[in-house]
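Please open the model in a viewer and keep the selection panel at hand. The stops below are best taken in order.

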Protein chains: 2
Amino acid sequence: MSGTISHLSHHVYFWLKNPESKEDVAQLIRGVKTLTTIETIKGFHIATPAATEERGVIDNSYSVSWLAFFDNEADEHVYQTHATHLKFIADCEHLWSKVTVYDSVQTAE
Amino acid sequence: MSGTISHLSHHVYFWLKNPESKEDVAQLIRGVKTLTTIETIKGFHIATPAATEERGVIDNSYSVSWLAFFDNEADEHVYQTHATHLKFIADCEHLWSKVTVYDSVQTAE
């Protein structure tokens, strides 16, 4: 984890084809770490499910959580189309079976 | 948004019974804001779906995003059982139809 909480949060959850494979999880995390060099990222958090108590509302079925903060939508667009991001997808997309992304912007109120 | 990115991210997405009701959204956001006073929260981000480009992997069907950071699981437990949190649930749970929570801890690697 590093950096600052900014206007736009980009939170990606990865479900792997082989979630039991520690090597696959490690490979994905290594890939995600390359994303942190993209200059428009203001803060980030690379994580796996916490061992918090089981509750019906908690989804802990994913393998890796990738959270990045951006100052605005334009900065996130730079990230989406950045060569480092495209290389990450090319190198790692064979590992995952599902990806869910939530992009959220700070409320004005 | 405020504070720092810490070890444990607690990200909650709320789907409302009446997502078209601006008043319901505003009431939920006011409720979420009361949570920020809980002393074990190290950083937070209160948000709504961003207007980023439509892609199949993006879920923008929720109404409100509540992201809080904690130093550890014990601090999150303090939050879960805190009177302010319980009051928030009691005051606002009639507003939502679904809540999904992702608790994630920073990778050691």
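**Helix α3 of chain A**

Begin by selecting α3(A): its buried residues pack against four elements of chain A, namely β2 (8-16), α1 (22-35), α2 (73-80) and β5 (96-106). The model is predicted, and every stop should be read accordingly.

Within α3 of chain A, which spans residues 83-92, display the side chains of A:H85, A:F88 and A:C92, which are buried. These residues lie on the same side of α3(A), because they cover an arc of only 55 degrees around the axis. Now turn to the face directed away from that buried side, where the exposed residues A:A83, A:K87 and A:A90 of α3(A) are found.

Next, widen the selection to residues 8-104 of chain A, for which an unreviewed UniProt entry lists "domain: Stress-response A/B barrel". Colour this stretch by secondary structure: 33% is helix and 33% is strand. The C-alpha atoms at its two ends are 6 Å apart.

**The α1–α3 pair of chain B**

Move to chain B and select helices α1 (residues 22-35) and α3 (residues 83-92). How do these two helices run relative to each other? Their axes cross at roughly 170 degrees and come within 9 Å; angles over 145 degrees count as roughly antiparallel, and α1(B) and α3(B) are therefore roughly antiparallel to each other.

To see the contact itself, show B:Q27, B:L28, B:G31, B:V32, B:T34 and B:L35 on α1(B), together with B:T84, B:H85, B:F88, B:D91 and B:C92 on α3(B). Five of the contact residues are nonpolar, five are polar and one is charged.

**Two loop residues of chain B**

From α3 of chain B, continue into the loop leading to β5 (96-106) and select B:H94. With a relative accessibility of 44%, B:H94 counts as partly exposed. Leaving aside residues up to four places away in sequence, B:H94 touches B:K17 and B:Q27. A distance label from B:H94 to B:L28 should read 10.0 Å between C-alpha atoms, although 66 residues separate the two in sequence.

Finally, go to the loop between β3 (43-49) and β4 (64-70) of chain B and select B:S63. Is this residue, B:S63, buried or exposed? Its relative accessible area is 9%, so B:S63 is buried. Display its surroundings: with residues up to four places away in sequence not counted, B:S63 touches B:F14, B:W15, B:L16 and B:P19, as well as B:A47, B:T48 and B:P49.

Technical notes: Residues numbered from 1 in each chain as written. Chains lettered and ligands numbered in written order. Predicted model: local features only at pLDDT ≥ 70, side-chain atom pairs only at ≥ 80, totals over all residues. Heavy atoms only, no water. UniProt positions renumbered as here; feature names shortened; annotations may be inferred. Buried < 20%, exposed > 50% of the residue type's maximum accessible area, 1.4 Å probe, protein only. Arc of directions from axis to C-beta. Contact = heavy atoms within 4.5 Å. Axes fitted to C-alpha atoms, helices over the stretch in contact; angles between N-to-C directions. Parallel < 35°, antiparallel > 145°, perpendicular 65-115°, else oblique. Nonpolar A, V, L, I, M, F, W, Y, C, P; charged D, E, K, R; others polar.
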